[in-house]
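Here is a short round of questions and answers on one protein model. Keep the sequence and the 3D view open as you read.

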Amino acid sequence: MKKKITFLGIETSCDETAAAVIRENSKGTADILSNIVSSQITEHEKFGGVVPELAARAHLENIEYIINKALSESKISLSEIDGIAATAGPGLVVCLNIGLNIGKSIAAFSNKPFIGVNHLEGHALSPGLKVNIKFPYLLLLISGGHTQFLIVKDINHYEQLGTTIDDALGEAFDKTAKMLNLGYPGGPNVEKFAKFGDKDFFNLPEPIINKAGCNLSFAGLKTAVLRESKNIKEEKKLKYNLAASFQNTINKILYKKTKVAVNIFREKTKKTNFQFVVAGGVAANETIRNTLFNLSKEMNFENIYPDHKFCGDNAAMIAWVGIHRFKKNMIDDMNVSAKSRWPLDESAPFMKGPGLKL
Ligand code: KG4
Ligand code: ZN
């Protein structure tokens, strides 16, 4: 029987310190031997967002403990591990360096291969931890820093079909929560309070909805929420109505833009039956899941999500990329450095800033 590969993953790109040990299994998915995530919510709560220096200090204080815990919970000794993978970007360089350096050190003293992982590839492959996914598939990556439609052709082979031209979707949720004083982190709170409101109460804009292919924009929507939020002060019912209307507008935007992306994907790949994967922190949102699931029924494709615990940042998805790359012999040397920007499709046009023509 072929040996099953086991990897230690380390993730410190933003505000979660995480380590995991996973092993590929005979079903083509992964056995999660341990998955430790230490969130820094309380550190950043009072500032309403991530403060890089605080995040880096918290990673430094926690990382050794988290890695030891991941190893001891997995009941696997370091000698049984085939390699170490740590996130090398994109993200906050001061934070990335902490996981990257400790990962390299462990690899060096245990004489194991090291892989510097693109965090976005982690999200892209994350549903594969539990479900068999087949290339090529259509990916909607929705996180705190990114919002993209991509064709995932293979490990390391991505074609970007569309992206946000301004804010990321998670950012739009977080800013809305801040404007409505709903607490931090924003996304889950907007989702929670939206359930108490009337989704049709406010008529909010859907920017670039009928143009620019499957590119997206949320800045105009954010400005509209800001304008309305100033009028409603702390009136609870209206706040919930605004959260509900925001969530409903997002659902409508994603529904329409996914429709466009599906048509582009079908045209490019000539595949009518395919998997549509939604990943990243915002993929935890239930009403987005329901909306896109309904679209998948209408347009006849398969819709796949990671388990809730693998939507937000975690190290299991980083170890999973490590296993895939290791099997393709894509090993890094110790010179791999942290990158703040690292697109999955390096040839895709940069879609932000003044002068952008759509
Ligand atoms: O993937 P992630 O954990 O970190 C990044 O790589 O950015 O995504 C974090 C983002 C945050 O903006 C957070 O508010 C959002 O995901 N998020 C949600 C939900 N849970 C997390 N947004 C909407 N609804 C949710 N349930
Ligand atoms: Zn992430």
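Q: How are the donor residues of the zinc ion (ligand 2) spaced in sequence?
A: This is a predicted model. The zinc ion is coordinated by His119, His123 and Asp313. Written as a pattern, the spacing of these donors is H-x3-H-x189-D.

Q: Which atoms coordinate the zinc ion (ligand 2), and at what distances?
A: Two of the donors are histidines: His119 and His123 each use NE2. Asp313 uses OD. The distances are 2.0 to 2.1 Å.

Q: How many residues apart are histidine 119 and aspartate 313?
A: Histidine 119 belongs to helix 4. Aspartate 313 is in the loop between strand 10 (302–304) and helix 10 (316–327). This pair links distant parts of the chain, and the separation is 194 residues.

Q: Which residues come nearest to ligand 1?
A: Now turn to the other ligand. The space that ligand 1 takes is the largest pocket. There are 18 residues around ligand 1. The nearest are Gly144, Asp174, Glu191, Gly281 and Asn285.

Q: What is the distance from a nitrogen atom of ligand 1 to the side chain of glutamate 191?
A: A polar contact needs a pair of N or O atoms within 3.5 Å. Here the partner is an N or O atom in the side chain of glutamate 191. Its distance from the ligand nitrogen is 2.8 Å.

Q: How much of the accessible area of ligand 1 does the protein cover?
A: On its own, ligand 1 has 550 Å² of accessible area. The protein covers part of that area, namely 84%.

Q: Which residue has a polar side-chain atom 3.1 Å from an oxygen atom of ligand 1?
A: The zinc donors include His119 and His123, both through NE2. One of these two also has a polar side-chain atom 3.1 Å from a ligand 1 oxygen. That residue is histidine 123.

Q: Which helices each supply at least two residues of the shell around ligand 1?
A: By class, the shell has 4 nonpolar, 11 polar and 3 charged residues. Three helices each give at least two of the shell residues. They are helix 4 (119–125), helix 5 (169–179) and helix 6 (186–194).

Q: Where is the proline that a cis peptide bond joins to tyrosine 184?
A: The bond has omega of about 0°. Its proline is proline 185. Proline 185 is in the loop between helix 5 and helix 6.

Notes. Residues numbered from 1 in each chain as written. Chains lettered and ligands numbered in written order. Predicted model: local features only at pLDDT ≥ 70, side-chain atom pairs only at ≥ 80, totals over all residues. Heavy atoms only, no water. Near = heavy atom within 4 Å. Polar contact = N/O pair within 3.5 Å; in protein donor to acceptor, adjacent residues only side chain to side chain. Areas by Shrake-Rupley, 256 points an atom, 1.4 Å probe, with all protein chains shown as cover. 1 Å grid on protein atoms, 1.4 Å probe; cavity = no way out; pocket = protein on both sides within 12 Å on 5 of 7 lines; lining within 4 Å. Sits in = over half its atoms within 2 Å of the grid points. Helix = DSSP H or I, 4+ residues; strand = E, 2+ residues; numbered from the N terminus. Nonpolar A, V, L, I, M, F, W, Y, C, P; charged D, E, K, R; others polar. Donors = N, O, S within 2.8 Å, 3.2 Å for Na, K, Ca; no water.
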